[in-house]
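Trainee: Could you take me through one part of this model slowly, the place where the two chains meet? I am new to this, so please explain the terms as you go.

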Amino acid sequence: MHIHAYEKLWLALSIVLILALIGTVTYGAVGPGVAMVADSQSTVDPGALDEDDRFSEPRVEQVGENEYEAYVVAYQFGFEPTPIVVPANSTVTLHVTSRDVIHGFEVAGTSANAMAVPGEVSEITVETDEPTEYGIVCNEYCGAGHHVMEGKLNVVSQSEFENRGGDSE
Amino acid sequence: MSTAIESEPTFVDKFPDEARVVRAAFMSSFFALLLGAIFGIIQTLHRTDVARIIPSTDYYTVLTAHGVFMVISFTIFFLVGLFTWALTRSLDRPLLNIKITWTWYGLMAAGMTLTGISILAGFVDSIDMSADVLYTFYAPLQAHPLFYAGLTVFIVGTWIAGADWFRTFLAWRREHPDERIPLQTFMVLTTMTMWYIASSAVAASVLLFLLPWSLGFIDQVNPTLTRTLFWFFGHPVVYFWLMPAYMLWYTVLPKIAGGRLFSDPLARVVFVLFVLLSTPVGIHHQYLDPGIAEGFKFISMTNTMFLLLPSLLTAFTVVASVEYGARKNGGTGLLGWLTNLPWRKPEFTGMMLAGLMFAAGGFSGMVNAGMNINYLIHNTLWVPGHFHLTVGTAVALTMMAGTYWIWPQISNKPIFSSQIGLFQVVLWFIGMALMSNAMHAQGLLGVPRRTAEPEYSGFDYPTMFGGFEELNIQIAIGGTLLFVSTVLFLGNLVLTMGNPTVSGLAEPLPSPVSGAEDAPQVLDNLRLWVGIALTLVVLAYALPIAAIINRGGLLGPGVGTYPVWAAPLFDALTNAATPLLGAITDASGALVEVIR
């Protein structure tokens, strides 16, 4: 098969580009440690969240020095708890599930983004910095009221967080 | 070369029965384009809050209709028309049995009509039917059974179409045992091979789970499983839309440019790569899904990146073929040859602009495929921004431009106005440049896709690349230009149909510079490619699907049923919603308590 010299060059450059793109993702995973939403959490019965240790009481709790866990339930058409209040300059692991249909959980304008699937639990870890208020949107169509489904993520100062008693509700 | 050009027969002269099928398929395609465009403009103006003529709860009916009519009906009806033309033309023999051909056309038309009815009934409150599940129909949102049944009939129609083409090819093979498969036929057969593999999963999802569930035979389904089966089909289907455009770029565009295809062997390599790689990648739509291990996502990501290869090769070959034509017609210089091209022909300019936008779509696609930066844009308006460049322009604009060239071949009627055609394709390009660019930008602000009212009460979007409002205006203007462009295209075509038939319109396709004789025989060994493709699919999907079933069960972990065809309840809920949302939480799905 005859391949033009320029075409061979183009082919070589294309393969370099592809390998470089795969390389960036690999680097992101093993270098800075960007973790994907995966199968790290066990499944949950979406009809019996009330009886589940993780989701019977959607909340934010402290699990270590500057480390927090948040348990969030998405439903038609909102998020619980709302607002989700977390302290500044901390590490927060969010666990998100759905009580009914598939929803999205997106902290608008950030890469904190996950699907909320009934029966499964998405786990994402974020680092907060200065106190700010973020909007949370459902970014997967979930029914006729989809557009009213929103939440808040409030990053507050350490002292303000402690004055709240550490819990968001 | 023929000495009697004037007496050269067109496609319709040689194959009048097949030409009738091609015209019927194109008419169905363009009818869907008209409906899709109407819903498109309603949706654009609603979303951007320029004009909200429907209640926001009906927005999702509009969105379902726009998606299904555009990407299932418009694209696939065009594909079956184009492939019927291409196979018959390149084999130079009629289809085996035209009754079978009309049968599959009839099935596809009937199936799409049923699905269309189930969607459009969502606008009429007195009919207890709707299918506001969008193009992806993720369970546990549930459509009326007619929606799933219609899709099944439509897909069965496409399967019979593929069988019709394969049987005709085998008949040709018996008559020509030693010849290479003609290039266009090769493209048809490889694309259909991919389609059989891909659509088997969505057929399984619909027939085993969704249809029985919507009929009440089973109580629940596993949402992750049906979603995974959808994306098993949902990514290769984008190449099913794209392959007709590739066929036109490879075999028709060089002719219009005044030249010939650069390389037949590499065109075959590209189509083989699509057979191999387009299916084992679907999990890249599920990077953010829980319940699927990171390793499976990584495999899918790697395959996806390698899928760039056939498109990068295509970019080279198509540009080289066009340059060949320009230089043959006196073009010189590094870029000076660009002026020796038929820019006044809408079929040429349309396809070139489509190719240019496809390059931009390719780059935003690389971002989507990047497993980590995908988190920034997943399910934001970036994603529709991306696919309006690919399916919405590379495919749709090439199909419209191709129509300007092919319609005279299948009807003996010259196009009514090339000027309107040229204006129309350029208008599409401008409209899409505005709309798609602003959609990408809004996506980066975090504006979600698929929502009737992207403005929220609790927060404002940050400002970059212009604010949210300003980008909305760009989207609305762009969408309006696209609607006008579609109307001009359809109007031009209707006026073309009123033209008298003439003779002498034939435009035979030239043979490639480097012909099939240069291509290794192994490329034509379809059995081999099917074998490798299936192996890759098993490697990419067997373990994830087993794991999903193992985690959630074949019929799901106790997930409920949420028919979207009980709209009034949701309306009541929405009206009551915002102030009461906090109070709903303990009610565990009892909507009645909410209203109290």
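Mentor: Happy to help; we will start with how to read the model, then look at the contact and what surrounds it. This is a predicted model, in which local features need pLDDT of at least 70 and side-chain atom pairs count only at pLDDT 80 or more, while totals for chains, interfaces and linings use all residues. Residues are numbered from 1 along each chain as its sequence is written, and chains are lettered from A and ligands numbered from 1 in the order in which they are written. The model scores ipTM 0.94 and pTM 0.93.

Now to your contact. It takes 74 residues from chain B and 57 residues from chain A; two residues are in contact if their C-beta atoms, placed from the backbone, lie within 7 Å. On the side of chain B that touches chain A, the elements giving two or more residues include α7 (223-234), α11 (294-306), α12 (308-328) and α18 (526-552) of chain B. Helices here are DSSP runs of H or I with at least four residues, strands are runs of E with at least two, and both are numbered from the N terminus. The helix that gives the most to this side is α19(B), with 9 residues. By type, this side of chain B divides into 43 nonpolar, 22 polar and 9 charged residues. Here Ala, Val, Leu, Ile, Met, Phe, Trp, Tyr, Cys and Pro count as nonpolar, Asp, Glu, Lys and Arg as charged, and the others, Gly among them, as polar.

How far can you trust chain B? Its mean pLDDT is 92, and 93% of its residues reach 70 or more; pLDDT is the predictor's confidence in each residue, from 0 to 100. Over residues 567-596 of chain B, however, the pLDDT is below 50, and this stretch has 33 contacts in the model beyond near neighbours in sequence. Where pLDDT is low, the predicted coordinates should not be read in detail. Keep that in mind for α19 (567-584) of chain B.

Finally, look at the interior. The largest nonpolar core has 236 residues, and A:V72 and B:L253 are among those with the most contacts inside it. Such a core is a set of buried Ala, Val, Leu, Ile, Met, Phe, Trp, Tyr and Cys residues joined through C-beta atoms within 7 Å, where buried means that 20 or more other C-beta atoms lie within 10 Å of a residue's own. Leaving aside neighbours within four places in sequence, B:L253 is in contact with B:L248, B:V318, B:V322 and B:M351.

Conventions: Buried ≥ 20, exposed ≤ 12 C-beta atoms within 10 Å, placed from the backbone.
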